[in-house]
Amino acid sequence: MLDVADLTVSAGRTTLVAGVTFSLSAGERVALVGRSGSGKSLTASAVAGCLAPDLTVRGSVRVNGTDVAGVPIARRPAQARAALIVQDSAAALEPVTTVRRHLGLALRARHSDAETRTAAAESVLRAVDLEPAVIGPRRPAELSGGQRQRVCIALALVSDAPLLVADEPTTALDVVSARTVVDAVRTAADRGRGLVFVTHDLAIAAALCSRVVVLDAGRVVEDAPVRDVLTRPAHAVTADLVERARALSLPSSTALAS
Ligand SMILES: Nc1ncnc2c1ncn2[C@@H]1O[C@H](COP(=O)(O)OP(=O)(O)OP(=O)(O)O)[C@@H](O)[C@H]1O
């Protein structure tokens, strides 16, 4: 459902992402990992269609057969759209709009009936472990960081975009909130959608994704099933990431995503 081929992102004459190629079938969850500055966010942003306008994109990003490389998210056809979950969720939400209204607006395209919209909004809030009666009437500033992230995931859940792109959604969170967010992303990625999950944390990648694409200096240096990456990393950068994750206690193999 997603084919990224020879994707290049440049700022003026400087190449930041250099010929990235990977693909994703429907229902597959892929982690983009790598050191800081390796090009993960730029690759994810190019896939989702939210790159800064001063950057140049070459290559192709095919979503369900349509090449949307360089096309901003708002101009993409519905079958090629990505729902985006970002690190700074506060910026993705309207400050004066309640959670209930955010969801109501997102659901308007699908349900013309207000009662159905209310029921769908309540159900999706429960799916991300938020109590509708408590959280629904609140504005973004009245939520914790973890709650805001889960509202963003609820919005991704109600969108009918075939692809989810999550860029380090757990970075600012404590361990418990991070776990809830990872579970909610997993729920959002079910139903046959594809997930591209950016993280520098191999342990989270292992818990959520079945495949790992490792980036270094804007290039793919490894693309392999998560088990292979953990047990026999083929590239020195991957081996280093595995080593660091082990030092922070990687989950046991039983906790790995299938
Ligand atoms: N708008 C921009 N103009 C120029 N250079 C940029 C721009 N955005 C990012 N870069 C550079 O591109 C490189 C890759 O950035 P990117 O944000 O993709 O890294 P990353 O792997 O996501 O890092 P981190 O884990 O620290 O978020 C970095 O060297 C960064 O400084």
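A residue is called buried when its relative accessible area is under 20%, exposed when it is over 50%, and partly exposed in between (1.4 Å probe, protein chains only). The model is predicted, so that local features need pLDDT of at least 70 and side-chain atom pairs count only at pLDDT 80 or more, while totals for chains, interfaces and linings use all residues. Residues are numbered from 1 along each chain as its sequence is written, and side-chain values use heavy atoms, with hydrogens and water left out.

**Exercise 1.** Determine whether Glu-28 is buried or exposed, and describe its surroundings.

*Solution.* Begin with the location: Glu-28 belongs to the loop joining strand E2 (14-24) and strand E3 (29-34); strands are DSSP runs of E with at least two residues, numbered from the N terminus.

Next, apply the cut-off: Glu-28 has a relative accessible area of 16% and is therefore buried.

Then list the contacts (heavy atoms within 4.5 Å). Leaving aside residues up to four places away in sequence, Glu-28 touches Ser-23, Arg-193, Gly-194, Leu-195, Ser-210 and Arg-211.

Finally, the side chain of Glu-28 reaches the backbone nitrogen of Ser-25 at 2.9 Å.

**Exercise 2.** Establish how the radius of gyration of the protein agrees with that of a compact globule.

*Solution.* The radius is taken over C-alpha atoms, and the globule rule is 2.2 Å times the number of residues to the power 0.38. For 258 residues the rule gives a value near 18 Å; the protein has 18 Å, which agrees.

As a further step, consider burial: 48% of the 258 residues count as buried.

How values were computed. Helices (H or I, at least four residues) and strands (E, at least two) are DSSP runs, numbered from the N terminus. A polar contact is a pair of N or O atoms within 3.5 Å; within protein, one must be able to donate a hydrogen and the other to accept it, and residues adjacent in sequence count only if both atoms are side-chain atoms.
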